[in-house]
Amino acid sequence: MKQEYQRKIDDCAVELAGIKTWIDHHQMDTNVRYLVAYSVVKASGTIELVFKQMLYDFLAANSISETQHYLSMMIIDSSCNPTTGNISKLVGQADGQRSAAFDAAVKNTTDKSNLNSLVSLRNDLAHGRTNNPSINTVKTYFESGVVILQTLDGILYPTNSSS
């Protein structure tokens, strides 16, 4: 995985760990629920940002500036939750074989359901629905999202998954 992607993932993981430490020491504080809600948005947003950048970089490589601009508008600037279905759909619009490989790799995995649950939590927050996940749940869901990103990286760059 490219260093810039890994750095974004690592930054989010460090932030989530810091929030968890604070929550562990202030469990009865009224701000805990706000920090957990922030963590949901941060974790999901980071996964979304990285997956979009990965796909953009893969498709834009060696393309002309007009194509890069178009891809940026269609991928980077799009409103697209990072569910495994949406990831597969975007990959499939460019390459059906890679999309099928992604689907097969994540099929029936806990990581798939955890990432989709993280996105559902974010959508619940965005639409004012109440949910009460723990910071541990958010961290687990984020870690599953990272596994999904690693899977995507290996499918986009099968000969060099450490791109």
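Me: Buried means under 20% relative accessible area, and exposed means over 50%. The model is predicted. Why does Asp57 count as buried?

Reply: The relative accessibility of Asp57 is 14%. The cut-off for buried is under 20%. Asp57 therefore counts as buried.

Me: What makes the contact of Asp57 with Lys2 a salt bridge?

Reply: The closest N and O atoms of Asp57 and Lys2 are 3.7 Å apart. A salt bridge requires a side-chain nitrogen of Lys or Arg within 4 Å of a carboxyl oxygen of Asp or Glu. The pair of Asp57 and Lys2 is accordingly a salt bridge. In general, side chains of opposite charge can pair when their charged atoms come close.

Me: Why does this pair tie together parts that are 55 residues apart in sequence?

Reply: Asp57 belongs to helix α2, whereas Lys2 is in the segment before α1 (3-25), so the bridge links parts separated by 55 residues in sequence.

Me: Why is Lys2 called partly exposed?

Reply: Lys2 has a relative accessible area of 24%. Partly exposed lies between the cut-offs of 20% and 50%, so Lys2 is given that term.

Me: How do you know that Glu15 and Lys42 form a salt bridge?

Reply: Their closest N and O atoms are 3.5 Å apart, and the limit is within 4 Å. Glu15 lies in helix α1 and Lys42 in helix α2, so this bridge ties together parts 27 residues apart in sequence. Glu15, at 29% relative accessibility, counts as partly exposed, and Lys42, at 28%, counts as partly exposed as well.

Me: What makes the pair of Asp95 and Arg98 a salt bridge?

Reply: The closest N and O atoms of Asp95 and Arg98 are 2.7 Å apart, against a limit of within 4 Å. The pair is therefore a salt bridge by that rule. The structure holds seven salt bridges.

Me: Why does Asp77 count as exposed?

Reply: Asp77 has a relative accessibility of 55%, and exposed means over 50%. Asp77 therefore counts as exposed. Asp77 is found in the loop between α3 and α4 (84-94).

Me: Why does Met74 count as partly exposed?

Reply: Met74, in helix α3 (residues 65-76), has a relative accessibility of 42%. That value falls between 20% and 50%, so Met74 is partly exposed.

Me: What makes Met74 eligible for a surface patch by accessible area?

Reply: Patch residues need over 30% relative accessible area, and Met74 has 42%. Together with Tyr70 and Met73, Met74 forms a nonpolar surface patch of about 320 Å² of accessible area.

Note on methods:
Residues numbered from 1 in each chain as written. Predicted model: local features only at pLDDT ≥ 70, side-chain atom pairs only at ≥ 80, totals over all residues. Heavy atoms only, no water. Patch = residues over 30% accessible without salt bridge, like charges linked within 9 Å, V, L, I, M, F, W, Y side chains within 5 Å. Areas by Shrake-Rupley, 256 points an atom, 1.4 Å probe, with all protein chains shown as cover. Helix = DSSP H or I, 4+ residues; strand = E, 2+ residues; numbered from the N terminus. Buried < 20%, exposed > 50% of the residue type's maximum accessible area, 1.4 Å probe, protein only.
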